[in-house]
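Me: I would like to take a close look at a single part of this model, and I would be glad of a connected explanation.

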Amino acid sequence: MRVSQALSSRPGVTVAVVAMATGLNVELARDAGFAVPAAGPTDLLVAVRAESADALEDAAEELDRQFAALARGGRAADAPGESPPRTTRAAARAWDASLVLVSVPGEHAFAEAMDAVEAGLSVMIFSDNVPVEQEVLLKRRARERGVLVMGPDCGTAVVGGAGLGFANVLRPGPVGVVAASGTGAQQVTCLLDHAGTGVSHVLGVGGRDLSSAVAGASTLAALSALDADPATELIVLISKPPAPEVAEVVRRAVDGLSTPVVTALLGPGQDDLTAATEKALRALGVPVPEWPCWTTPQQARDAGLRGLYSGGTLCAEAGIIAGDGAFTDFGDDEYTLGRPHPMIDPTVRLEALERASGVVLLDVVLGHAADPDPSARLAPAIARAAGRGAAVVVALVGTGSDPQGLHRQAGALVEAGASVFTSNAAAARHAASLVRRAL
């Protein structure tokens, strides 16, 4: 996905697709006018269209540079004559691993994850579009093997200071996080970082873990693991609205832990993510700061509220707080099937922004693996929306150490006409106030 984006940004390149040759990706390439030869899902599909032969040659050179950079970032080459591992279990034995990260098309994730679990390894499944029945089987077997399954659709984790998936640059500290939400975890940990407090571990469990079907299997295991961790002084538990009966099971488990737990189980009458973070800070005896924000004078011509989100929990939180409006999570499975996540490639969300009016609320999430410069494409679209009479409000989730530059991103978004908040809850309340003002 990153390579596709790098090629697309080259002068003279009109279309660039670099992806595994799954049926959907092949279909998308053919729809774009490419003649794709016979290929299977384990093949790499590269399709580039350019305005000139020189631009095409430049794109080919950039492709070589990108692949070379990826190779340098990987494991050293195998010794001469040594065959590379052919299965996850064999690779784990060869490399003395304790954790496996699975990031393959969803239809192939189950086999790789089960291979890891059977080898006695914990696994983070970044892949989405994994059937819930497979998730239940994986987590049942993980419990029997005494390992943890993070995911499927686990976007964020931090284990022993190492970020996996979409991960912000966070300071180490005493807070352990269990999250059935990637962007929810990022919001809480970034706010903790703004307050000068760090994390021990962030254990994502997948957005469906607290559903009736999955019954909190990984949440209960992760809570137990953090409770036994001497570096964790406080646990924060985060989830989209859980199934009520599962929430009750988790609450009983929390009552039996020796480590204090602050819960952020989103829903009407429950704490939002910012309020939960503030509770955690008070429990640690840390002062609650003023959350950074940058506002501009705004007036919307229309009173409608449109939420265009890349994070599902942030989207749910904003909808609960605002109380009215149309909210879309562009990171949901239906939008990411065969497409990059909007935190990597914002194309689909930008198309929606170009059609939006009234008050528009959206999130911008920084950190490793996310768009290296989200404001570069977003700011011009915000300026056009403001020119149409829309009022744009941004929840900017990140830390001062993230590679995109929190203050640089905020400055570009504000200059384009947006009001920017580091608290998604504060952004939603501000957006709702602009709607009321426009009535």
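Which residues are linked with Arg10 in a network of salt bridges?

Reply: This is a predicted model, and in it Arg10 is linked with Asp58, Glu62 and Arg65 in a network of salt bridges. In general, side chains of opposite charge can pair when their charged atoms come close. One pair within this part is formed by the side chains of aspartate 58 and arginine 10, which meet in a salt bridge at 3.0 Å, taken from N to O. Aspartate 58 lies in helix 3, whereas arginine 10 lies in the loop between helix 1 (2-8) and strand 1 (13-20), so the pair ties together parts that are 48 residues apart in sequence.

Are these two partners buried or exposed, or something in between? Because partly exposed covers the range between under 20%, which is buried, and over 50%, which is exposed, aspartate 58 counts as partly exposed with a relative accessible area of 21%, and arginine 10 counts as partly exposed with 25%.

Helix 3, which spans residues 53-72, also holds phenylalanine 67, and this residue is partly exposed at 30% relative accessibility. Together with Met20, Leu44 and Val46, Phe67 makes a nonpolar surface patch of about 300 Å². Helix 3 therefore contains aspartate 58 of the salt bridge with arginine 10 as well as phenylalanine 67 of the nonpolar patch.

Note on methods:
Residues numbered from 1 in each chain as written. Predicted model: local features only at pLDDT ≥ 70, side-chain atom pairs only at ≥ 80, totals over all residues. Heavy atoms only, no water. Patch = residues over 30% accessible without salt bridge, like charges linked within 9 Å, V, L, I, M, F, W, Y side chains within 5 Å. Areas by Shrake-Rupley, 256 points an atom, 1.4 Å probe, with all protein chains shown as cover. Salt bridge = Lys/Arg side-chain N within 4 Å of Asp/Glu carboxyl O. Helix = DSSP H or I, 4+ residues; strand = E, 2+ residues; numbered from the N terminus. Buried < 20%, exposed > 50% of the residue type's maximum accessible area, 1.4 Å probe, protein only.
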